[in-house]
Amino acid sequence: MAKHACTDPKHHVHDAHGFVAAVERACHERGLRLTPIRARVLGLVADAGQPIKAYDLLELIRAGNSADGEGAGAAAPPTVYRALDFLLANGFIHKLESVNAFVACHHPSTAQHSVPFLICDRCHSAVELEDLDVVAQLEQRAKSLGFQPQAQTLEVHGLCARCAAG
């Protein structure tokens, strides 16, 4: 698991073009290939600004609505899922299991890692809250029970500060 120092809940991916460029650099450094469809799916995930489902991505691709301005395409579901699998496996996006949706990772230059998410049930925002202590405590507790953890998904549902105040 990669180690990070980011614990700022306001650290978000705001610039889809810049994010795709950062992932392109990371792919180059790691010897990975960011194909046009992978880059397009990544741009759409980053541009969404909140968790986005695979079929919504598929519809955006088919309609030609993308951050990179590319036109409509006849992408099939397996194509989008393969792109998502690549992006997940290399730590460029995260899957929020409870809502079956995807968000861009705040740290595209690092390998796949576990992070807790705070998910607002009203506005559907998702905050990647990197807290190494929480991740380490879960892993340590699991191991103390004889369990061999392979992945962690911690999602906390509730209301974000903006929705709670409104």
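The exercises below work through a predicted model, from its overall make-up to a sheet, a helix crossing and one buried residue.

Residues are numbered from 1 along each chain as its sequence is written. In this predicted model, local features need pLDDT of at least 70 and side-chain atom pairs count only at pLDDT 80 or more, while totals for chains, interfaces and linings use all residues, and side-chain values use heavy atoms, with hydrogens and water left out.

**Exercise 1.** Describe the make-up of the protein in terms of its helices and strands and its buried residues.

Solution. Begin with the elements, where helices (H or I, at least four residues) and strands (E, at least two) are DSSP runs numbered from the N terminus. The protein has 6 helices and 5 strands, and from the N terminus on they follow the order α-α-α-α-β-β-β-β-α-β-α. Next, take burial, where buried means under 20% relative accessible area, exposed over 50% and partly exposed in between, with a 1.4 Å probe and protein chains only. By this criterion, 40% of the 166 residues are buried. Finally, turn to contacts, which mean heavy atoms within 4.5 Å: among those between residues at least 6 apart in sequence, 54% join residues at least 24 apart.

**Exercise 2.** Work out the strand order of the open sheet of 3 strands, and explain the surroundings of β3 (residues 116–120).

Solution. Two strands pair if DSSP finds at least two bridges between them. Strand β3 pairs with β5 (residues 154–158) in the parallel sense over 5 bridges, whereas 3 bridges join β3 to β4 (residues 126–128) in an antiparallel arrangement. The resulting order is β4-β3-β5, with mixed pairing. Strands β4 and β5 are at the edges with a single partner strand each, so one side of each has no neighbour in the sheet. On average, and with direction ignored, neighbouring strands here are turned by 20 degrees against each other.

The residue register can then be read off: Leu118 stands opposite Val156 in β5, and its bridge partner in β4 is Val127, while Phe117 stands opposite Glu128 in β4. A hairpin with 5 residues between its strands is formed by β3 and β4, and His124 in the turn has a positive phi of about 70 degrees. As for the surroundings, β3 is largely enclosed by the rest of the structure because 4 of its 5 residues are buried.

**Exercise 3.** Identify which residues make the contact between helices α3 and α4.

Solution. From α3 (residues 54–63) come Ala54, Tyr55, Leu57, Leu58, Ile61 and Arg62, and from α4 (residues 77–89) come Pro77, Val80, Tyr81 and Leu84.

**Exercise 4.** Determine whether Val23 is buried or exposed, and list its contacts beyond its neighbours in sequence.

Solution. Start from the position of Val23, which lies in helix α1 (residues 16–30). Its relative accessibility is 0%, and therefore Val23 counts as buried. Once neighbours within four places in sequence are set aside, Val23 is in contact with Leu34, Leu42, Phe92 and Pro108. As a last step, compare sequence with space: Val23 and His107 are 84 residues apart along the chain, and their C-alpha atoms are separated by 9.2 Å.

Note on methods:
Axes fitted to C-alpha atoms, helices over the stretch in contact; angles between N-to-C directions.
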